[in-house]
Amino acid sequence: MIDTITLEVARYRPEQETEPTFERFEVPFNKDWVVLDALNYIKDRLDGSLSYRWSCRMGVCGSCGMMVNGEPKLTCATFLSKYVPGPIRVEPLRYFPVVRDLAVEMTDFMDKLKSVKPWIIRQEERPLSEGEYLQTPVQLDNYKQFSMCINCMICYAACPVYGLDHHFIGPAALALAQRYNMDSRDQGTDERLDLLSQHEGIWGCTFVGECTKACPKNVDPAGAIQQYKLKAATEWFKSFLMPWGRK
Amino acid sequence: MDISSHDVLLVGGGGAGLRAAIAVSETNPKLKVAVVSKVYPMRSHTVSAEGGAAAVIKSNDSLDEHAYDTVSGGDWMSDQDAVEAFVKEAPEEMLRLEHWGCPWSREPDGHIAVRPFGGMKKERTWFAADKTGFHMLHTLFQTSLKYNAITRYDEFFVTKLLVDGGRVQGVVAIELMSGKIHAILAKAVILCTGGCGRVFPFTTNANIKNGDGMALAYRAGVPLKDMEFVQYHPTGLPFTGILITEAARSEGGYLLNKDGYRYLQDYNLGTPQPKPVLRSMELGPRDRLSQAFVKEMEKGRTIDTPYGPVVHLDIRHLGEKIINTKLPFVRELCLKYQNIDPIKEMIPVRPVVHYMMGGVHTDLNAATALTGLYAAGEVACVSINGANRLGSNSLTELLVFGARAGKAAAAFASETAEPGSHVVAQAMDEQRRLERQFLSKTDGRESIATIREEMQATIEKGAGIYRTGDLLAQAAQNLRRLQERFQNVAITDHSYTFNTELTAVLELAFMLDVAETIVQSALQRSESRGAHQRTDFPKRDDEKYLAHSLIYRNEDGSSRLEYLPVTITRWPPAERVYGK
Ligand SMILES: Cc1cc2nc3c(=O)[nH]c(=O)nc-3n(C[C@H](O)[C@H](O)[C@H](O)COP(=O)(O)OP(=O)(O)OC[C@H]3O[C@@H](n4cnc5c(N)ncnc54)[C@H](O)[C@@H]3O)c2cc1C
Ligand code: SF4
Ligand code: FES
């Protein structure tokens, strides 16, 4: 059993450096520690200026995604022991602009989430006094998986298409759109489809499926995109056959 | 300095903050709303809540029963007018969330499903598998995107409330991305900053739960209420403190000591049955279960581990199917973080600091003692939770009192003048303070982590599950000393870009203040009630202490306490009976 393990941590302080560098830190090795524990050890005892995001430490808030030895990971759910004897290289999530050290800029991602209209759209609201919309467990299962996304952005860091073209709306946003489309209470599919059938929307995806492989929550964004494309293609086709058919 | 102005400003984008923001917009769509949050809203700690949210919906249940369970669960410290309003508005609020798309678990026929929960006599806890808070928060966040009147200030850290002429008129916040200081003015401010579990060393609470809003209000002269009541949850994973939801017990899990014995039967909590019985044994209230653990430990009947003594939570008999459908997150957490599979193995657990019953003193409409300032959610104390919160009442509380706060603040802002210019000068002072005390400070010697760890050890020793006057007095002294040492804290990071050392030091300052209010309030309460157990005063004393404590900050940083009688409407104080 080893006593310590080395982390090579990407540093970037825009007021000091023009480009990112790596700094080596040696931390105690504890089999119960995740990569995030090691970062916290560094921050508390070795270098208080190291900056990164984290909060829940239980894999649900989505804050702590980083590249660990080249792969996008939730650092609070990635054990040091997996990388023995080290070193472990920790970098900010790929394909996003770096703000500082391990923290990346998120506004593009946030705008993309909003752009798919991720809320229940209905022609007519049922008054609360009439109770809940009925939804059977089977209907719930239709969209449940897509509702499990924690917005960790790991799928974007895994997606070669997003890496090349930031206009691509990307896996999590598409899964979110599909989460509402497949919800029996929602009637907004057409509205969202109009939005997304533009080329930046879904057509960019070349079905590499890296997003689904990387996703720590089994959301299967690639599956969502697949469903979406099929639907969009059919609708597009139908619009030629019977232009009055939609709407 | 950047200056902006809104009608209503929310500090906090968790469940309470988002519900309140939407309520403002629905009450008066013309009002400009700002949501200021130190993390992106969907990172807020509401996301971690697992088990469920209580509201009467089934025909075998009644509002009175929900109210009674809450009042007796709170050891008669809850204000009964608040509880009555809460249980009455809960079902509609929960339904509203259903209409907004929350993926509630369902009965086969499509109706909402409910599960039993600790201290509740009927099944009334709505759930979304065991990721209830996650789904509620994402539903609220996604729905909030629809309202154009809501402007978000994501990753803005609030350092001060701006108060002038006896009324709150905005906040000062640091934009983390750039380090810029902003004065964000508003006619009304609602605090929704959540709890303060991080004051303690071992907690289920996320890194961001530092009591910020409690300290902000306290420093502005607003009293905090019932701060001595801190909830330990009986089942946290050792080392990480990750919560194993009460739902594991309501689905039928057993708590076993080192002899495999369901020890709760020795503590006046009923007799063991194979199936879960409501308000009995493993479904007793959290304070009593956590206290029973300490007694077992004292009898040498717990199991030692490198991370402290534990007992076992056994859910193996529920079988793979129930575990996978009703408790998938429990399994995921055990597999990932404890390296055990609860289908085959028992889960090691120990009590862990979980929830703050106390908080900023508010009335039924979430208004505080300071004009224009409101508070809702875990930061606030209305109080419905009394001396011990029942699991699954908190998520519902976010909705009911978040909505009430939003409506009240909207009404207030609609008839109030714009903030004055005086507060801008105050904001400039705050900017200078932040510069001088932290950003340009180079001569400090004390490490942030050391002071934080000593504070956590101090409060656990003095104000843990069992307390005594002596230990509390010692803790109070230690905290004073830590406050002094904090003046000499070392700052190594002088950058303006995403400076998380700066936020850590500001959070530590908040926590030190909050820790002192907890210890002082506990020291003054010479009785045992709910989560506040004094071994030197083991009995409940309704003569003297059927009253909320209100702690105020004095000019010199010391504190003073006052008491406010508990509101009793229909349920006179009685003995708490479980397992019968
Ligand atoms: C692990 C766990 C499980 C739980 N399970 C349940 C359950 O099953 N049922 C139940 O009823 N309750 C449960 N609870 C309790 C419940 O989840 C919380 O009480 C509730 O979510 C708190 O919500 P909130 O909106 O008050 O605060 P939070 O969700 O904590 O949000 C606080 C917000 O304030 C912001 N903020 C804080 N300080 C500042 C600052 N200085 N400047 C700017 N912004 C700031 C944060 O960014 C955040 O947006 C659980 C709690 C935990 C820890
Ligand atoms: S789809 Fe998966 S990887 Fe992508 S943001 Fe959501 S949880 Fe993260
Ligand atoms: S810290 Fe919340 S997901 Fe890792």
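Biologist: How far does a backbone N or O atom of Gly13(B) lie from an oxygen atom of ligand 1?

Modeller: This is a predicted model. Polar contacts are pairs of N or O atoms within 3.5 Å. A backbone N or O atom of Gly13(B) pairs with a ligand 1 oxygen at 2.8 Å.

Biologist: Which residue has a backbone N or O atom 3.4 Å from an oxygen atom of ligand 1?

Modeller: Backbone atoms of other residues also approach the ligand's oxygens. For Ala16(B) the distance is 2.9 Å. The 3.4 Å contact belongs to Val39(B).

Biologist: How much of ligand 1 does the protein bury?

Modeller: The space ligand 1 takes is the largest cavity. Taken alone, ligand 1 exposes 1000 Å². The protein buries 99% of that.

Biologist: Which element supplies the largest share of the shell around ligand 1?

Modeller: The shell holds 39 residues, with Ser37(B), Ser44(B), Thr46(B), Glu378(B) and Leu395(B) the closest. Elements of chain B that each give at least two residues include helix H1 (15–27), strand S2 (33–37) and strand S7 (156–164). S14 and helix H10 (393–414) of chain B do too. The largest share, four residues, comes from H10(B).

Biologist: Which strands are the edge strands of the open sheet of four strands in chain B?

Modeller: The order is S11-S14-S13-S12, with antiparallel pairing. An edge strand pairs on one side only. In chain B these are strand S11 (230–236) and strand S12 (254–256).

Biologist: Which residue in S14(B) does His312(B) stand opposite?

Modeller: Strands S13 (residues 311–314) and S14 (residues 347–356) of chain B pair in the antiparallel sense, over three bridges. Opposite His312(B), in S14(B), stands Pro348(B).

Key:
Residues are numbered from 1 along each chain as its sequence is written. Chains are lettered from A and ligands numbered from 1 in the order in which they are written. This is a predicted model: local features need pLDDT of at least 70, side-chain atom pairs count only at pLDDT 80 or more; totals for chains, interfaces and linings use all residues. Side-chain values use heavy atoms; hydrogens and water are left out. Two strands pair if DSSP finds at least two bridges between them. A residue is near a molecule or strand if one of its heavy atoms lies within 4 Å of it. A polar contact is a pair of N or O atoms within 3.5 Å; within protein, one must be able to donate a hydrogen and the other to accept it, and residues adjacent in sequence count only if both atoms are side-chain atoms. Accessible areas come from the Shrake-Rupley method with a 1.4 Å probe; for residues, only the protein chains shown count as cover. On a 1 Å grid over the protein atoms alone, a cavity is a set of points where a 1.4 Å probe fits but cannot get out, and a pocket is an open set with protein on both sides within 12 Å along at least five of seven lines; lining residues have an atom within 4 Å of a point. A molecule sits in a cavity or pocket if more than half of its atoms lie within 2 Å of its grid points.
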